[in-house]
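Trainee: Hi! Could you walk me through this protein in plain words?
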Amino acid sequence: MRILIANIGELTTNVAADDDLCGTLHDAAILIEDGRIAWVGPAADAPEADEIVDAEGRAVIPGFVDSHSHLVFGGDRAAEFEARMQGQKYAAGGIRSTVAATRAATDDELRIRLRGFLDEMLAQGTTTVEIKSGYGLDVATEERLVRLAAEVTPEVTFLGAHVVPAEYADRGDDYVELVTGEMLDACAPHAKWIDVFCETGAFTVPQSRRVLEAGIARGLQPRVHASQLGPGEGVQLAVDLGAASIDHGTYLTDDDVTALAGSDTVLTLLPGVEFSTRQPYPDARRLIDAGVTVALACDTNPGSSFTSSMPFCIAVAVRDMRMTVAEAIWAATAGGAAALRRTDIGRIAPGMRADVVLLKSTSRVHLAYRPGVPLVEAVWKDGVRAV
């Protein structure tokens, strides 16, 4: 089946050309065949196809790649959010309330909710999503979470080292022993990635190193939560271990920025977190100008960022983090792909997976210009119309 999306007014390919980060083409067309992009070029030169979709001069972008989410959990923390809006400070310990609700939920309850979040994301243009565990914090529940996540995505992250659970209070090293032993044994078969929350109130740098190195020894690839609540050594740890990404990065020193700029580690910014916690927004301009590779993700979770909308995160990044629209959209697509070390998504070019989003607007700028407005007309995932 050959599908031609024709009469595209503005096509974002992310195949950089000259000073155009997004590789923009005008009056363009795309040919999809067997789930892949088969051809890209001027609409006037488009090949024949079995089905033609008229874009009517509207904009087309790659599907969003959300490289940081926590979609498998029970309950919510609306009361905590309300208290925060009245001045209460965000703290990592709030995760424990979600752990209790998640442990009490059945597989089917978690599965139904997970599918609901994925439907929300797809309707807003997200075609690839990474999903972390981290709301079980015991062997049985962590295994359930990675197993359920693996039903819907290959990008599964074992985050048993999210916080120390209540039953291990003041015994963090004992909990790390569990994470790196029995829990890792149960979860590694379902996961691709290993993650740790390297932060005051969560895990120390030595504990974090133990977790990551244990995961690497089991064939998992490292990524790190760090520098969300304050500066620390998590960035250097991530770079030292060749982590694919360090996520959050709200508080970075000059040495952190230099280390990231000289590495292959992507910095994944999560603007929904700063929006929800009222922490200061990271200065993406500083990072990009220094040569750091930046991704954007939603960090969908019940505590610090309960949004599944990448367009919302793009709008916030442009307004409050000093990114251009082109940089924000690149970060939410090609940047997310880099954070997952994927070379088959995040761009519209021959050979890439046909993850394509048709907007209702004539320009990608509207994703930031019209925040909160549903602007996705259609979505193709692996060449199949999904929205």
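Mentor: Happy to; we'll go through the cores, then some strands, a helix and a few single residues.

Mentor: This is a predicted model, so local features need pLDDT of at least 70 and side-chain atom pairs count only at pLDDT 80 or more, while totals for chains, interfaces and linings use all residues. Residues are numbered from 1 along each chain as its sequence is written, and side-chain values use heavy atoms, with hydrogens and water left out.

Trainee: Cool. How many residues are in the largest nonpolar core?

Mentor: It has 87 residues, and Phe158, Tyr175 and Leu296 have the most contacts inside it. The largest share of this core, 7 residues, comes from helix H5 (residues 172-187). Apart from it lies another core of 19 residues, including Ile3, Leu11, Ala28 and Ala349.

Trainee: Wait, what counts as a nonpolar core? And what does buried mean?

Mentor: A nonpolar core is a set of buried Ala, Val, Leu, Ile, Met, Phe, Trp, Tyr and Cys residues joined through side-chain atoms within 4.5 Å. Buried means under 20% relative accessible area, exposed means over 50%, and partly exposed is in between (1.4 Å probe, protein chains only). Helices (H or I, at least four residues) and strands (E, at least two) are DSSP runs, numbered from the N terminus.

Trainee: Why would such residues sit together?

Mentor: In soluble globular proteins, nonpolar side chains tend to be buried together.

Trainee: Let's do strands. Which residues of E5 are buried on each side?

Mentor: In strand E5 (residues 59-62), Ala59 and Ile61 are buried on one side and Val60 and Pro62 on the other, so both faces are covered.

Trainee: And which strands does E5 pair with?

Mentor: Strand E1 (residues 2-11) runs parallel to E5, joined by 2 bridges, and Glu10 has Ala59 as its bridge partner in E5. Strand E16 (residues 356-359) runs antiparallel to E5, with 3 bridges joining them, and Ile61 stands opposite Val357 in E16. Two strands pair if DSSP finds at least two bridges between them.

Trainee: What's on the two faces of E16?

Mentor: Both are covered: Val356 and Leu358 are buried on one side, and Val357 and Leu359 on the other. E16 also pairs with strand E17 (residues 376-381), in the antiparallel sense over 4 bridges. There, Leu359 stands opposite Val376.

Trainee: Switching to helices: which residues of H8 are buried?

Mentor: In helix H8 (residues 254-261) they are Asp256, Val257, Ala259 and Leu260. They lie on the same side of H8 because they cover an arc of only 165° around the axis, where the arc is that of the directions from the helix axis to the C-beta atoms. The face turned away from that buried side carries the exposed residues Asp254, Asp255 and Thr258.

Trainee: What do the buried ones pack against?

Mentor: They pack against helix H7 (234-240), strand E13 (245-248), strand E14 (266-269) and helix H10 (284-290). Contact here means heavy atoms within 4.5 Å.

Trainee: How many disulfides are there?

Mentor: The structure holds 0 disulfides, a disulfide being a pair of cysteine sulfur atoms within 2.5 Å. For Cys298, the nearest cysteine sulfur is that of Cys313, 3.8 Å away. Cys298 counts as buried because its relative accessibility is 0%.

Trainee: What is 6.6 Å from Cys298, C-alpha to C-alpha?

Mentor: Ser69, even though the two are 229 residues apart in sequence. Ser69 is found in the loop between strand E6 (64-66) and helix H1 (78-85), and its relative accessible area is 0%, so Ser69 is buried. The side chain of Ser69 reaches the backbone oxygen of Glu130 at 2.4 Å.

Trainee: And His225, buried or exposed?

Mentor: His225 is buried, with a relative accessible area of 2%, and lies in strand E12 (residues 224-226). A polar contact of 3.3 Å joins the side chains of His225 and His68. A polar contact is a pair of N or O atoms within 3.5 Å; within protein, one must be able to donate a hydrogen and the other to accept it, and residues adjacent in sequence count only if both atoms are side-chain atoms.

Trainee: Last one: where is Thr333?

Mentor: Thr333 is in helix H12 (residues 325-339), and its side chain makes a polar contact with the side chain of Asn14 (2.8 Å).
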